[in-house]
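Student: I should like to request a close look at a single part of this structure, namely the surroundings of one bound molecule. Please set that part in the context of the rest of the fold.

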Amino acid sequence: MIVFLLFLSLFSTSWAKEPRSVTMIEEDMSPPEGYDDVYAKNARNVFVTWMSMPLDHFDHQNPTMFSMRYMFNEEFFGGDGYPIFILAGGEWSIQAGWLLAGNMYEMARENKGFQVYTEHRYYGATQIFSNFTAENLRFLNIDQALADLAYFITEIKKQPRFAESEVIMYGGSYAANMVMWFKKRYPHLVLGTVASSGPILAKVDFPEYLEVVHEAFTLEGGEECIGHIRRGLDDTLAAMQTESGRRLLERSYRLCQPLDYDNEYALAVFSGLISWTFSTSVQQARPGTLQSVCKNFTDHTSFGATPMEKIGGYIAITRGLGANSCWSSSYDNFLNNYQNATNSRAWYYQTCTEYGYYQTAPSSGTVFDGLKWLSLDFYTDVCKKIFDERFDLAFVEDGARRVNLIFGGLEPVVNNTINIHGYIDPWRALGVYKDDISETSPTYTVNRASHCFDMQGWLRTDTIEMTAVQQRARRTVTSWLSKAKAGTS
Ligand SMILES: *[C@@H]1O[C@H](CO)[C@@H](O)[C@H](O)[C@H]1NC(C)=O
Ligand SMILES: *[C@@H]1O[C@H](CO)[C@@H](O)[C@H](O)[C@H]1NC(C)=O
Ligand SMILES: *[C@@H]1O[C@H](CO)[C@@H](O)[C@H](O)[C@H]1NC(C)=O
Ligand SMILES: *[C@@H]1O[C@H](CO)[C@@H](O)[C@H](O)[C@H]1NC(C)=O
């Protein structure tokens, strides 16, 4: 009887569980933290509007137009001739909070600037087609996106109050590439740019990403923390070898069904469940974040009891897996995430056609080396499956080569660009983080800082070095503006 009841309860709980599919890490461009009161109070300062733009800037005979969404805030605007600050949107939906707090907001305040936040074509509400077939996505590329910004500036400057205004652009992550490359391509339209965490080298095979994740955990959490993670991942790989181990693995990671151990791509999705979670922690880290994660790895209750349970528990807590949910780690389910016309699908398309950026397993002694299913074959198979059979590795490599040919890779040759990186940001491995770009384009790489830290508003946990670099960027922008003013008067 007891056995029967136990069976019944096990059966009914597993039956009731809701499957959640595994997703890749995505850019978190939620507005600066800790300003909720400010947002509530000042939200009415931000206006949302649209500008009509050519679909194809490079075919003058194509008359098709689309509407680009943008937001603006003129609370600090000093009037005729005062500067315009443009925050360039990247692969996300724009949000008003970015015009109410953060470092560009401070720049606008200090220089009586007019603030704008532009949305990238194919993202958020800036849509052109009802679906994202490869055919419809062919107007999604860096050349069109930069031309959108050029068209935008030219149009907005038709307003007499902006006729004499200088333009400053700020961008983070992929949008940092955009602003830096915009300054190269359209130097007559922009005085200077701030590029936060720009991975300006297009690189298909990107094992350096997980190497920096490993380094970040080592630097912030110490050898003990890395040791716990290593044991958990070693045990996971060992568990895959036996039937009883497999059942233990599935329970520790809260998988809905047994993994398909014969399917390389299913194992890649499972590996991604692990690596993309560690990536999220590092990419969004502020000082103290990784220490708290590590504290949970070193005690015996927070994440789990055994090393493998700790990894599973860490993933569930970090990704907010509800008590009644489980991970569905099949490859088909993973591919399903990309079927609809979403920001994720648009960005995956850009990786297949322009950047790669595939976070493959390293082979340099990191804790992630064993996740060898995170391969180029896996990432490019996704390109083929969700877009077009033609999008194979050679195609993806060609796309990345084209971007580096046009923009110069790690030698961008550009003036008036402040190039900022965080040392524990995995993306800095594809940026210029050791040297200045030129005499007028300084590089600041800040210890303990992660992705796009400088765009944020001030947080109590910030280090003095972080705050100092934010201030230096503001002072540099102000000096560009006053030099420009002196030059024209
Ligand atoms: C996608 O949209 C195009 C029009 O842009 C339409 O012709 C086509 O049938 C749509 N395809 C699918 C699969 O919905
Ligand atoms: C640490 O573990 C506790 C208890 O499980 C959890 O509530 C908390 O969110 C964890 N913190 C981090 C940073 O993972
Ligand atoms: C895709 O769209 C359909 C219809 O709107 C919806 O039912 C489904 O949940 C969506 N899938 C994903 C992965 O968002
Ligand atoms: C950058 O500025 C320097 C000094 O004014 C100038 O010599 C150089 O041509 C500029 N380079 C570019 C790419 O504009």
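Tutor: A polar contact is taken here as a pair of N or O atoms within 3.5 Å. The model is predicted, and the part chosen for the close look is the shell around ligand 2.

Ligand 2 is surrounded by S292, V293, N296, S302, F303 and I317. Helix α9 contributes 3 residues, the largest share of this shell. Two polar contacts can be described in detail. In one, a polar side-chain atom of N296 lies 2.4 Å from an oxygen atom of ligand 2. In the other, S302 takes part through its backbone: an N or O atom of that backbone lies 3.1 Å from an oxygen atom of ligand 2. On its own, ligand 2 has 360 Å² of accessible area, and the protein covers 53% of it.

Helix α9 (residues 289-298) also carries C294. This cysteine forms a disulfide with C225, the two sulfur atoms being 2.0 Å apart. The link is left-handed, with -75° about the S-S bond. Because C225 lies in helix α6 (residues 208-239) and C294 in helix α9, the pair ties together parts that are 69 residues apart in sequence. In the whole structure, a search finds 3 disulfides.

Ligand 1 provides a second site for reference. The residues surrounding ligand 1 are F129, N131 and N136. Here a polar side-chain atom of N131 lies 2.4 Å from an oxygen atom of ligand 1, while for N136 the corresponding distance from a polar side-chain atom to an oxygen atom of ligand 1 is 3.2 Å. Taken alone, ligand 1 exposes 360 Å², of which the protein buries 31%.

As for the context in the fold, 8 strands form an open sheet with mixed pairing, in the order β2-β3-β5-β4-β6-β7-β11-β12. Strands β2 (46-54) and β12 (443-446) are the edges, each pairing on one side only. On average, and with direction ignored, neighbouring strands of the sheet are turned by 20° against each other. At the β12 edge, β11 (residues 417-422) runs parallel to β12 and is joined to it by 4 bridges; in one pairing, I420 has Y444 of β12 as its bridge partner.

Two helices that pack on this sheet complete the account. Helix α3 (residues 103-111) touches β3 (65-73), β4 (84-88), β5 (114-118), β6 (167-172) and β7 (192-196), and its direction makes about 175° with that of β4. Helix α4 (residues 142-156) touches β2, β3, β4, β5 and β6, with its direction at about 110° to that of β2.

Notes:
Residues numbered from 1 in each chain as written. Chains lettered and ligands numbered in written order. Predicted model: local features only at pLDDT ≥ 70, side-chain atom pairs only at ≥ 80, totals over all residues. Heavy atoms only, no water. Pairing = 2+ DSSP bridges. Axes fitted to C-alpha atoms, helices over the stretch in contact; angles between N-to-C directions. Contact = heavy atoms within 4.5 Å. Near = heavy atom within 4 Å. Polar contact = N/O pair within 3.5 Å; in protein donor to acceptor, adjacent residues only side chain to side chain. Areas by Shrake-Rupley, 256 points an atom, 1.4 Å probe, with all protein chains shown as cover. Disulfide = S-S within 2.5 Å.
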